[in-house]
Amino acid sequence: MKITVIGTGYVGLVSGICFAKLGHQVVCVDKDYSKINGLKQEIIPIFEPNLKELLLSVKSDKKISFTTDLNQALQGSQAVFIAVGTPQGEDGSADLSYVLGAAQEIAQYSQSFKVIVTKSTVPANTGAKIREIVAKINPQLDFAIVSNPEFLREGSAIEDFMNPDRVIIGVEDEKAKKIMAEIYQDFADNKILYTDIITAELIKYASNSFLATKISFINEMADLCEKTGGDIKLLSSGLGLDSRIGNKFLNPGPGFGGSCFPKDILAILNIASENGVKLSLIDAVIKSNKLRQEKMTARILNAFDGVYKNKKIALLGLAFKGNTDDIRYSPAIKIASNLAKKSLQIFAHDPEAIANAKKELAQFNNIRYFDNAYEATEDADLIVIATEWKNFSELDLIKIKTISKAKKIVDLRNIIDATAARMAGFEYIGIGQK
Ligand code: UGA
């Protein structure tokens, strides 16, 4: 089937390339000429493992093309996916201007039946708004609205797309339902849940809110372990063995970040308050996560027993999580900026996020960047792990002990083996451990 995808950001690009891998004929559209030109030359504007290889494969099969011309891209396509950004508005609500702008253009250029699908994360009732806009601009057009939210995690987006726990399709039109079923025909029937449009829109926000709540919950349990002498790793395992709870998203850390959870929990609060509903639990999660980053900063400062001015910290990790160069709402960035403001010297390293971090932290001249984790530790008084990159768990601690003057490791992700760190001669401070 011919599919048009509007937006070549994270969601649009991964979805477009994956749809092409499923055998569909995909046209990806973006207003940004340089992005489209780059993609024509196989230049991927984001960091996502294996995406380039997949692009090369679908390009050689002639299953994907890139254009800035939406009119041309819509010719002959039955389904058009809107995958543009919904940035956070000033009041925390999702800014729908790109989504509704795309809907207007679809209406202007479409001449035959179209299934207009939102992949972007949009508040409840956005489908109805799109329907209104399209019907007003092009009253003759035969079309249907569908909500098909994405559940892709940065760093494992291809796996999440190709092997999803579920595909949610909010659809209220039989012809559109058949088209969506054809698009996702490679997935088992029990992976697909058909709902009405508003429920599909809400499922996306509810999922991210629930996951964010799970993380805040385990972070607070880690605090409790520290005070009582419990062990958070064992506590997480004990909780996760209950299939009603599940063992994922129970790793404590410096708080959740990224472009989705922080934005989406504010947006769901906004949707709720517009509808006169109080989500006190979500309110608490927002507060808990904010406090978490301050607490983790205090933990690092405490490692110097109160005398921290001009001390040198090797900060390993800047991205909001491992396997990405994304630093949006990254707890590591917040902690770096907190420490820099307190006049500590920071020697920062991240496998992929240095370029982005340099821009974000440009105002600080007490942060230096290192391409190599070992070099970052050499002149440091303390080593801090802030992002769960796998290679940080594999660092040669004996080597670090010989080249670095640091005596302590503060591991905000619990990814270093505490016994190995102590055997190497470090004092090890993890999360939620004795
Ligand atoms: C999240 C969701 O997991 C995706 O399902 C969703 O599609 C996406 O948002 C979106 O709305 O587009 P993502 O932001 O890529 O994906 O990142 P996650 O892997 O969910 O991690 C979010 C944050 O939680 C990170 O800062 C991570 O370090 C933290 N986290 C995660 C923990 O602190 N502990 C955990 O156990 C898991």
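Analyst: Buried means under 20% relative accessible area, exposed over 50%, and partly exposed in between. The model discussed here is predicted.

User: Why is glutamate 154 called buried?

Analyst: Glutamate 154 has a relative accessible area of 10%. The cut-off is under 20%, so glutamate 154 counts as buried.

User: What makes arginine 328 partly exposed?

Analyst: Its relative accessibility is 46%. Partly exposed lies between the 20% and 50% limits, so arginine 328 belongs there.

User: How do you know that the side chains of arginine 328 and glutamate 154 meet in a salt bridge?

Analyst: The N to O distance is 3.8 Å. A salt bridge needs a side-chain nitrogen of Lys or Arg within 4 Å of a carboxyl oxygen of Asp or Glu. The pair therefore qualifies. Arginine 328 sits in the loop between strand E9 and helix H13, and glutamate 154 in the loop between strand E6 and helix H7, so the bridge ties together parts 174 residues apart in sequence.

User: What makes lysine 295 and aspartate 223 a salt bridge?

Analyst: Their side chains meet at 2.4 Å, N to O. The limit is within 4 Å, so the pair counts. Lysine 295 lies in helix H12 and aspartate 223 in helix H9, so parts 72 residues apart in sequence are tied together. Aspartate 223, at 17%, is buried, whereas lysine 295, at 36%, is partly exposed.

User: Why is arginine 413 called buried?

Analyst: Its relative accessible area is 13%. That falls under 20%, so the label holds. Its salt-bridge partner is glutamate 388, with the closest N and O atoms 3.2 Å apart. The two residues lie in different loops, so the pair ties together parts 25 residues apart in sequence. Glutamate 388 is partly exposed at 32%. Elsewhere, shared partners join Lys312, Asp379, Asp381 and Lys405 into one salt-bridge network.

User: What makes the pair of lysine 204 and the ligand a polar contact?

Analyst: A side-chain N or O atom of lysine 204 is 2.7 Å from a ligand oxygen atom. The cut-off is within 3.5 Å, so the pair passes. Backbone N or O atoms pass too: glycine 257 at 2.9 Å and phenylalanine 151 at 3.3 Å. The protein covers 93% of the 720 Å² of accessible area that the ligand has on its own.

User: Which residues come nearest to the ligand?

Analyst: Glu150, Glu154, Lys204, Asn208 and Asn251, of the 20 around the ligand. The shell has nine nonpolar, three polar and eight charged residues. Helix H9 gives the most, three residues.

Definitions and conventions:
Residues numbered from 1 in each chain as written. Predicted model: local features only at pLDDT ≥ 70, side-chain atom pairs only at ≥ 80, totals over all residues. Heavy atoms only, no water. Near = heavy atom within 4 Å. Polar contact = N/O pair within 3.5 Å; in protein donor to acceptor, adjacent residues only side chain to side chain. Areas by Shrake-Rupley, 256 points an atom, 1.4 Å probe, with all protein chains shown as cover. Helix = DSSP H or I, 4+ residues; strand = E, 2+ residues; numbered from the N terminus. Nonpolar A, V, L, I, M, F, W, Y, C, P; charged D, E, K, R; others polar. Buried < 20%, exposed > 50% of the residue type's maximum accessible area, 1.4 Å probe, protein only.
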